[in-house]
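I sat down with this one and kept a few notes as I went. Have the viewer open and follow along.

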Amino acid sequence: LVVFIGICQSVLTNRYPICKKNQYMIKINIKAEIDKNEYPLRVIYISSYFPRKCGIASFTKDLTTAVNNLNPLALAEIIAIDDNEEEYEYPWEVKTRIQKHDIQSYISAAHYINQSSADVVNLQHEFSLFGGTDGDYILLMMDLITKPIVTCFHSILPDPSEHRKYIIQKIIEKSATVIAMSETSRKLLVDVYGALDENAVLIYIGVPDFTFTATTEYKKKLNINTKNMLLVMGLIGSGKGIEYVIQAMPAIIKEFPNTEFRIAGQTHPTVIKSGKDDYREYLINLVKENNLVSVVKFDNRYIPLDEFAEYYKACDIYLTPHLDPQQTSSYTLAYALGAGKACISTPYIYAKEMLANDVGVIVPFKDSQSISNEVIAILKDENIYNKYRENAYKFGRQMQWSRIGYKYLKLLRLIKENINA
């Protein structure tokens with residue numbers, strides 16, 4: 001029997017020789033490379049942070065979650081910017097705080113970073129986050145930090161004041177690289193503020209991994225009993241231009257009576273602090289004056305992140321009728337693109353870039369007639385509606401948090417490796 005098995009093996013080996021090679025001449029040990037573990041990268045983030053009711057706080061929470069998923073052996077540490085508005089119960093990853101108007105706390109935070117094992121620091125910058133004139137306290141802190149800094153700018157003005165221009169230029173000087181959230185903003189960093197082209201990086205605002213679905217199911221979840229829903233989301237303030245959508249509603253409901261406009265989000269905390277909510281009261285009165293109470297609804301809450309996404313899934317047309325032409329980012333418009341929504345916007349900087357090439361529709365500032373015309377055109381023609389939805393979703397796929405987290409981690413690793421080299 002042993003002899004017979006040996007003969008069979010010999011025959012099989014000769015007829016079907018064991019393959020020692022393949023046709024691809026790959027010059028690395030693939031198994032060793034795949035088995036190689038990525039080293040843990042230790043990152044400290046300077047930003048406002050959850051549970052503070054702030055767009056950048058929510059952004060940083062989502063960003064660090066995305067990076068942590070790819071870098072699980074060195075989870076993010078946060079230095080949270082406190083605004084002195086309330087006492088926040090921060091999660092464990094917040095290691096220390098900066099009191100916005102206390103210069104000594106910036107110095108203490110810099111010392112904390114220098115004594116830590118962090119490989120790199122990520123600064124999320126917006127002028128209003130920090131104390132001093134136009135938030136210039138952050139410059140002293142950056143002077144003291146000895147670790148490499150990567151800065152993400154949330155506002156990059158095309159026509160800044162001299163002092164704001166000075167601040168951005170100093171931050172660029174003190175940063176190993178800088179991040180913009182649109183290509184237009186990236187070019188501003190180079191052309192207006194003097195950043196080196198190769199050191200100014202585009203990484204989009206991140207969005208959840210939305211599925212491309214019909215809206216009916218999600219309308220039911222939110223108790224929205226209408227066929228068509230128009231939506232504005234986020235913190236409410238006078239620069240949002242919401243009144244122009246309200247003024248467009250009579251013409252819209254004349255053509256499509258089963259249409260609702262939902263305004264979801266609380267008044268901006270800085271307005272609440274003043275004790276007056278004049279803009280919201282103005283909007284409510286405008287709704288009453290135009291007999292629109294049954295079709296314009298307010299949800300005056302800070303919308304939790306999970307419900308935030310539900311609103312986008314339920315809406316048919318998303319609008320950003322904002323009034324500031326220099327606005328260089330919009331988290332809510334980014335979310336709408338990620339969710340594959342038909343979008344209508346005024347031509348502020350971020351919207352003009354994001355909605356180009358038939359991704360969405362641009363209307364003039366303060367123009368209710370144009371808003372109503374475009375809404376009616378989209379609702380009248382299913383092909384147009386589907387075109388905008390599909391184009392938005394296709395564009396928004398590149399903004400998913402899994403991709404944005406990967407880009408951030410790749411960038412932060414590059415900085416560590418090249419600084420050390």
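**Overall look**

I began with the surface: the protein chain exposes about 20600 Å², and carbon and sulfur atoms supply 52% of that area. I am working from a predicted model here. Next I looked up the extent, and the C-alpha trace spans about 100 × 60 × 40 Å along its principal axes. I found 17 helices and 13 strands in the protein chain. Of its 421 residues, 51% are buried. I also checked how far apart in sequence the contacting residues are: among contacts between residues at least 6 apart, 72% join residues at least 24 apart.

**Strand β6 and its neighbours**

Is strand β6 buried or exposed on its two faces? I went through residues 177-180 and found both faces covered. Thr177 and Ile179 are buried on one side, Val178 and Ala180 on the other. That fits the usual picture, as side chains in a regular strand alternate between the two faces of the sheet.

I then looked at what pairs with β6. Strand β5 (residues 149-153) runs parallel to β6 and is joined to it by three bridges. Thr151 has Val178 as its bridge partner in β6. Between these two strands the chain passes through helix α6 (residues 162-174), making a right-handed β-α-β crossover.

Strand β7 (residues 200-202) also pairs with β6 in the parallel sense, over three bridges. Here Ala180 stands opposite Leu202. The chain gets from β6 to β7 through helix α7 (residues 183-191), and I noted this β-α-β crossover as right-handed too.

**Helix α3**

I took the span of α3 (residues 55-70) next. Its 16 residues reach 23 Å from first C-alpha to last, close to the 22 Å expected at 1.5 Å a residue. I listed its buried residues, among them Ile56, Phe59, Leu63 and Val67, with Asp62 and Asn68 buried as well.

**Asp316**

Where does Asp316 sit? I traced it to the loop between α12 (305-314) and β11 (317-320). I count Asp316 as buried because its relative accessible area is 6%, under the 20% cut-off.

Which residues does Asp316 touch? Leaving out residues up to four places away in sequence, I got Thr215, Lys219, Lys227, Asn228, Met229, Ala342 and Tyr385. For two of these I looked up polar atoms. A polar atom of the Asp316 side chain lies 2.8 Å from the backbone nitrogen of Met229. The side chain of Tyr385 makes a polar contact with the Asp316 side chain at 3.3 Å.

Definitions and conventions. Residues are numbered from 1 along each chain as its sequence is written. This is a predicted model: local features need pLDDT of at least 70, side-chain atom pairs count only at pLDDT 80 or more; totals for chains, interfaces and linings use all residues. Side-chain values use heavy atoms; hydrogens and water are left out. Buried means under 20% relative accessible area, exposed over 50%, partly exposed in between (1.4 Å probe, protein chains only). Helices (H or I, at least four residues) and strands (E, at least two) are DSSP runs, numbered from the N terminus. Two strands pair if DSSP finds at least two bridges between them. A crossover is right-handed if, with the strands pointing away from the viewer, the path from the first strand over the helix to the second runs clockwise. The expected span of a helix is 1.5 Å times one less than its number of residues. A polar contact is a pair of N or O atoms within 3.5 Å; within protein, one must be able to donate a hydrogen and the other to accept it, and residues adjacent in sequence count only if both atoms are side-chain atoms. Contact means heavy atoms within 4.5 Å. Accessible areas come from the Shrake-Rupley method with a 1.4 Å probe; for residues, only the protein chains shown count as cover.
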